[in-house]
Amino acid sequence: MFGALEAGGTKMVMALMDSQGRETDRKVIPTGTPEDTMPQMLAFFRSRPIDALGVGCFGPLDLDPKSPAYGHITRTPKLSWRDYPILQAFRDALHVPVGFDTDVNAAALAENRLGAARGLSSCLYLTVGTGIGGGVVVNGQPVHGLMHPEVGHMLLSPDASDPAPEGFCPYHKGCGEGLAAGPAIQKRWGLPAQQLPEGHAAWALEAGYLAQICANAMMVLSPQKIILGGGVMHQRLLFPMVRAKTISLLNGYLPVREVDEGLEDYIVPPGLGDASGITGAYLLARDALDNAKIQ
Ligand code: ADP
Ligand code: ZN
């Protein structure tokens, strides 16, 4: 039996899964402080003996095993979780191997192994929701380096037609998240994204910003698939618009079949629907158990 946790800034999704990946139990609780949230999560994961736990966590995280702050949530705006050693807390309490990565790297891993990027060696998974986060898998593994990719904070060019071109990110103003996450849409137009009608100017603007992210990612990372998930992407009308704008931004520069085919099969929704994150956490648990056996 495996434990899986998708740790988000607003909610914690916990699941128990068997060795076939079938979910046998699930619980969702709001993200409070560590003092009240951790005991509830530990109680859930202790309700059944588990062999390993996987945690896909909101960031930023320290993922460098050599760092003294390894496994900590670091400079999060959620102050009660800042510098919280979440990995060690689970290891100490549960005494099982714990796999740990960003929520979006976990989702990218799941899409790579079981979803829209199955059979490929690389992909980018972007969630467009309360924030914009990007998970990157290369050679079948989530990318870690200096820390982990922060694709959503790449700096964009404001659109000439944008009524709020400065952007809303507290760190960079006009980065991807500052211009195109759900809260940016709401602040710019005064309505939550899900209430904006189909023909609204918001969608062309949104597609343009997401296309800047996609085009930049294609040129920097060369992923074999770009998967766009998160609440805002429930607006399916965005997909054809993002593909068309990405092609226009690339302007014939990348001579690949995927572009010639209109990116139809390249910029796609998640193959696992809204389950990419929790499935990724499950895969982190499986990998943690495999690694523990090798050592
Ligand atoms: P989170 O990022 O917190 O995990 P979501 O991915 O659901 O959660 O993102 C929430 C954001 O997505 C909100 O800003 C909301 O306005 C927007 N959103 C949610 N559902 C839709 C929808 N159907 N259409 C457009 N925007 C949506
Ligand atoms: Zn930013």
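Modeller: Quick vocabulary first: a pocket here is an open set of grid points with protein on both sides within 12 Å along at least five of seven lines, and its lining residues have an atom within 4 Å of a point. Keep in mind that this is a predicted model.

Colleague: Fine. Which residues lie nearest the centre of the second largest pocket?

Modeller: That pocket has a volume of about 400 Å³. Its lining counts 16 residues, and the ones nearest the centre are Y70, G99, F100, H144 and N291.

Colleague: Which helix or strand elements each supply at least two residues of that lining?

Modeller: By class, the lining splits into nine nonpolar, four polar and three charged residues. The elements giving at least two residues each are β5 (98–102), β8 (141–142) and α9 (276–294).

Colleague: And where does the second largest pocket lie relative to the domains?

Modeller: Look at who contributes to the lining: domain 1 (2–105 + 274–294) gives residues, and domain 2 (116–269) does too. Since both take part, the pocket lies between them, that is, between domain 1 and domain 2.

Colleague: On to ligand 1. How many charged residues are in the shell around it?

Modeller: The residues around ligand 1 include G129, T130, P183, Q194, G231 and H234. Sorted by class, the shell holds three nonpolar and eight polar residues, and the charged count is: none.

Colleague: What share of ligand 1 does the protein bury?

Modeller: Start with the polar contacts. An oxygen of ligand 1 sits 2.6 Å from a side-chain N or O atom of T130, and a polar side-chain atom of Q194 is 2.7 Å from a ligand 1 oxygen. G231 joins in through its backbone, with a polar atom 2.8 Å from an oxygen of ligand 1. Taken alone the ligand exposes 570 Å², and the share of that buried by the protein is 67%.

Colleague: Now the backbone. Is the peptide bond from G59 to P60 cis or trans?

Modeller: To place it, P60 sits in the loop between β4 (52–57) and α2 (86–94). Omega for the G59 to P60 bond is near 0°, and the bond is cis.

Colleague: What about H95: what is its phi?

Modeller: H95 belongs to the loop between α2 and β5. Its phi is positive although the residue is not glycine, with a value near 55°.

Conventions:
Residues numbered from 1 in each chain as written. Chains lettered and ligands numbered in written order. Predicted model: local features only at pLDDT ≥ 70, side-chain atom pairs only at ≥ 80, totals over all residues. Heavy atoms only, no water. 1 Å grid on protein atoms, 1.4 Å probe; cavity = no way out; pocket = protein on both sides within 12 Å on 5 of 7 lines; lining within 4 Å. Points joined across faces, edges and corners; volume = space filled by probe spheres on them. Helix = DSSP H or I, 4+ residues; strand = E, 2+ residues; numbered from the N terminus. Nonpolar A, V, L, I, M, F, W, Y, C, P; charged D, E, K, R; others polar. Domains from an automatic or database assignment. Near = heavy atom within 4 Å. Polar contact = N/O pair within 3.5 Å; in protein donor to acceptor, adjacent residues only side chain to side chain. Areas by Shrake-Rupley, 256 points an atom, 1.4 Å probe, with all protein chains shown as cover.
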